[in-house]
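Here are a few packing exercises to work through with the model open. Try each one yourself before reading the solution.

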Amino acid sequence: MSNKWLKFTFFTILLIGAGYFFGTICKQIGQAYDLILSPSRELLYLLLWLLVALGGIMVAAGLVAALLRPLWIGIIAFILSGLAMLLGWRQVTIGNGIMILGYLLVAFFYTFMVARELNERIRFSVRPISEGQNILLIVLILVICGSLYFSCAAHIEQEGFAPPQFYIKMFMEQMEKQIEARVPAKERQEVITQFRKEFQRTVDEFFKSTVKPYEKYIPLAIIAVLFMPLVTVTRLLVWIPTLLMSIIFSLLKAMGTVKLISETREVQRLVIS
């Protein structure tokens, strides 16, 4: 019995560790307001780590939902993973609490659904474990987007929305190239300097008169832009956690950590006498 509880503890710690790592990524995403608006190598690395964190949660959650019985052990494991997310986030607010609560409710539903599907099957399969993870994945993406939303909303409320300098600079450089091609060399520098001043003034006036009244909706627009690509990419890569779980289950069986057992059941059917 003690050996069994050690195994339970191992899988629980695995889910807690994945939750903590996911929480640290949520914190980094929340601090990446400037990176989200300006594509860069740092943003790419952050998004790659985000995919790793999502994959870790998927694999750990699948192992817990499939192996930890009775169900209350798995539920405790998910509760501890939610607390680990908050610990990795290092920021406990009402918004964060609501998002983690949503994650826990979906995780509980996922655990019950996997248990029911595996119980109704004749042979063990990874398929019901992976199929039930779609809604869990969506909730985790919403948690990520929520982290970014609260960060953006707080930043804009304190400092206002500033136009992304990356795009302004890129557009300005293209215009300057056209000016250089049309203006004589003697007048070129003066014209470019005047153009920069006028262009920046025009941009500032545009954002002040047109964008500023709708600043409170900008965080929603930002997370909408982030949400759909994340959903698309994760759906394309969802086979990876499934493959990893299949490999892990095979390794666990080979090491004797888990085993397949056969059960005999009585089935009642209504037939014509």
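Three exercises on core and helix packing follow, all on a predicted model.

**Exercise 1.** Find the residues with the most contacts inside the largest nonpolar core, and the helix that gives the core its largest share.

*Solution.* Start with the core itself, which has 79 residues. Those with the most contacts inside it are Phe22, Phe78, Tyr103 and Tyr110. Next, look at where the core comes from: helix α3 (residues 41-67) supplies the largest share, 14 residues. Now zoom in on Phe78; leaving out residues up to four places away in sequence, Phe78 touches Leu15, Ala61, Val64, Tyr103, Leu104, Ala107, Phe108, Tyr110 and Thr111.

**Exercise 2.** Work out how α4 is oriented relative to α5.

*Solution.* Take the axes of helix α4 (residues 71-89) and helix α5 (residues 94-120): they come within 10 Å and cross at roughly 155°. Angles over 145 degrees count as roughly antiparallel, so α4 is roughly antiparallel to α5. As for handedness, the crossing is right-handed. Finally, sort the contact by class: 16 nonpolar residues, four polar and no charged ones.

**Exercise 3.** Are α3 and α10 roughly parallel, roughly perpendicular or oblique to each other?

*Solution.* First get the geometry: α3 packs against helix α10 (residues 218-236) at about 55°, with the axes 12 Å apart. That angle makes the pair oblique. α3 passes α10 in a right-handed crossing. Then pick out the side chains: Leu47, Leu50, Leu51 and Leu54 from α3 meet Leu226, Leu230, Val233 and Thr234 from α10. By class, that's seven nonpolar residues, one polar and no charged ones.

Notes. Residues are numbered from 1 along each chain as its sequence is written. This is a predicted model: local features need pLDDT of at least 70, side-chain atom pairs count only at pLDDT 80 or more; totals for chains, interfaces and linings use all residues. Side-chain values use heavy atoms; hydrogens and water are left out. A nonpolar core is a set of buried Ala, Val, Leu, Ile, Met, Phe, Trp, Tyr and Cys residues joined through side-chain atoms within 4.5 Å. Buried means under 20% relative accessible area, exposed over 50%, partly exposed in between (1.4 Å probe, protein chains only). Helices (H or I, at least four residues) and strands (E, at least two) are DSSP runs, numbered from the N terminus. Contact means heavy atoms within 4.5 Å. Axes are lines fitted to C-alpha atoms, for helices over the stretch in contact, and angles run from 0 to 180 degrees between N-to-C directions. Angles under 35 degrees count as roughly parallel, over 145 as roughly antiparallel, 65 to 115 as roughly perpendicular and the rest as oblique. A crossing is left-handed if the near helix is turned anticlockwise from the far one by less than a right angle, and right-handed if clockwise. Ala, Val, Leu, Ile, Met, Phe, Trp, Tyr, Cys and Pro count as nonpolar, Asp, Glu, Lys and Arg as charged, and the others, Gly among them, as polar.
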